[in-house]
Each structure stands twice: as C-alpha cells, then as structure tokens.
Amino acid sequence: ILAIDTSGSMRATDVKPNRLDAAQSAARTFIKNQARHTRIGIVSIAGSASVVQSPTDNREDMLQAIERLQLQPGTALGSGIYVSLATLLPDAGINMDEVAYGWTPGFRRRWSSDGRLVEERKPVAPGSNRSVAIVLLSDGQGNHGPDALDAAKFAAGLGVRIYTVGIGSPEGITLGFSGWSMRVRLDEAPLKKIAEITRGEYFAARTAPELKRIYEQLSARMVIESRRATEVTALFVAFGALLLVISALCSVLWFNRVL
C-alpha cells in the first residue's frame, strides 16, 4: 500500500513545486519500477483515510488514482495505517467503524453466542510478513483519529513492515489561508517510531529529486522482498517433490510397487 498524506500542509513549497506534487511524482516512479505482477493499492490520508485504489496490478489504474489525490483538512495517520492494514489483510479483524469511534483493534479470542471459541488471534514477529508492506509518506504532523503508534503496534503484531518517508524540512514554511497563517514543519519523531516499531525504515526527503531517489530505493527493495518470498515458496515445493520421489523409491524397494 502507498499511503500518502493529502492534508493541507502538503501545499507547502519547501519541496518543489509543493509537497503533494513531489509525492505524486515519486509515487509514479515507484509504480513504474515495480514488477508487473506486484499489486499496489493507494490510500489517501487527511482528516480521515480512504482507499483511492484497491490493490491491483493494473498500472494505469494506479497512476490514475495518484492523479485523483486532492488536498483536504486534517491528518489522521493512525486511520491511514488501519485502513492500509484492512485493505492488505481483510481477515485481520479491523472494523473501521469501531476504529472511528475510538476502539483499538487487538489480538484476542472471539467467542460464539453458544460459548465456543471461534477464533484466537495472536501477534506474530514484527516484520515477518514478507508478502505485504506499507509505504507511508507524510510530514508527520498527525492531529486527527486514532493514535498512530497504537496502529503501528497492531501492524507489527501482524508482521507488516511500514516504511515511512518524511517530506518537508524541520524548520518548515509559513502557509497562509483565509486571513490566517501557520508554520508547517516536518515532524520526524512519529515517523521514525512507526518504522522502528514495525521493523521498517525511515527516510527523510528534503527535495523532490531526493524523494524520487528514495522511492526508487524502496521499489528495488520491494522487488527483492518479493523474490525472497518466491524463492522460499519454491524451496518448499521442491522439498515436497523430493519427499515424494524418496517415498516412491522406498515403496519400490520394499513392496516392489509404487503405493
């Protein structure tokens, strides 16, 4: 999932031409560099979070979703993480309606009305799920929705890595609107913590070219992770085939026929 901050602070021009335009350009680079079979979804994060594009391997659909991103007030990083997780792992038990009212998903037992244990979910090792990942781009200043670090802990329990990209400058820039002005700064601390909790990695982007290079690095990393997962699967398949061959040979030697 590419989760992209679309809050009003992304209008800031400390990254040229502005933070959102630079983010969209880098996302296009990321998409174009992915292997053709890789499925990518797009999540927009403002005062709430929403899926702009469900995971697909159709590059044109992804690129069109990037173009549809629009600035909106507020930043709900925690909601963005939960929506991304619910999109990646539909069986993770995340109810976004409950999350919106302050309920935090957890790993717990679920019982049926007649007292039977229906499901018992337990956390796995952080970063252990190699088939999915979240790339979260933001200036780090969350001010709406559930706590982002609680969401990161839940992601870690699902084994999902979150690679965070901080866009902008720590000194920030002053934005004016409707007669008001405010200074918007890159807040790196929460983004670094989210990456640390989930065994991901944090990247800082001060310029548009730097942001594009970061997305190119991430693109290459995702391809490597995908290959690792494929290689491990192939290894198990090969091992299974080998066991079948050995079983057949033993059957011939002992019973003079293949069982």
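Biologist: In this predicted model, which residues does Ile 81 contact beyond its neighbours within four places in sequence?
Modeller: Ile 81 touches Ile 134, Leu 136, Ala 148, Ala 151, Ala 152, Ala 155, Ile 162 and Ile 194. Contact here means heavy atoms within 4.5 Å.

Biologist: What makes Ile 81 stand out in the largest nonpolar core?
Modeller: Ile 81 is among the residues with the most contacts inside that core, alongside Leu 85, Ile 134 and Leu 136. The core has 32 residues. β2, α3, β6, α5 and α6 each supply at least two of them.

Biologist: Why is Arg 19 called buried?
Modeller: Buried means under 20% relative accessible area. Arg 19 has 0%, so Arg 19 is buried.

Biologist: Why is the pair Asp 14 and Arg 19 called a salt bridge?
Modeller: The cut-off is 4 Å from nitrogen to carboxyl oxygen. Asp 14 and Arg 19 meet at 2.8 Å, N to O. The pair therefore counts as a salt bridge.

Biologist: What makes the salt bridge of Arg 28 and Glu 67 a tie between separate parts?
Modeller: Arg 28 lies in helix α1 and Glu 67 in helix α2, so the bridge joins parts 39 residues apart in sequence. Their N to O distance is 2.7 Å.

Biologist: Why does Glu 67 count as partly exposed?
Modeller: Partly exposed lies between the 20% and 50% limits. Glu 67 has 47%, so Glu 67 is partly exposed.

Biologist: How do you know that Gly 145 is exposed?
Modeller: Exposed means over 50%. Gly 145 reaches 61%, so Gly 145 is exposed. Gly 145 sits in the loop between β6 and α5.

Technical notes
Residues numbered from 1 in each chain as written. Predicted model: local features only at pLDDT ≥ 70, side-chain atom pairs only at ≥ 80, totals over all residues. Heavy atoms only, no water. Helix = DSSP H or I, 4+ residues; strand = E, 2+ residues; numbered from the N terminus. Buried < 20%, exposed > 50% of the residue type's maximum accessible area, 1.4 Å probe, protein only. Core = buried A, V, L, I, M, F, W, Y, C linked by side-chain atoms within 4.5 Å. Salt bridge = Lys/Arg side-chain N within 4 Å of Asp/Glu carboxyl O.
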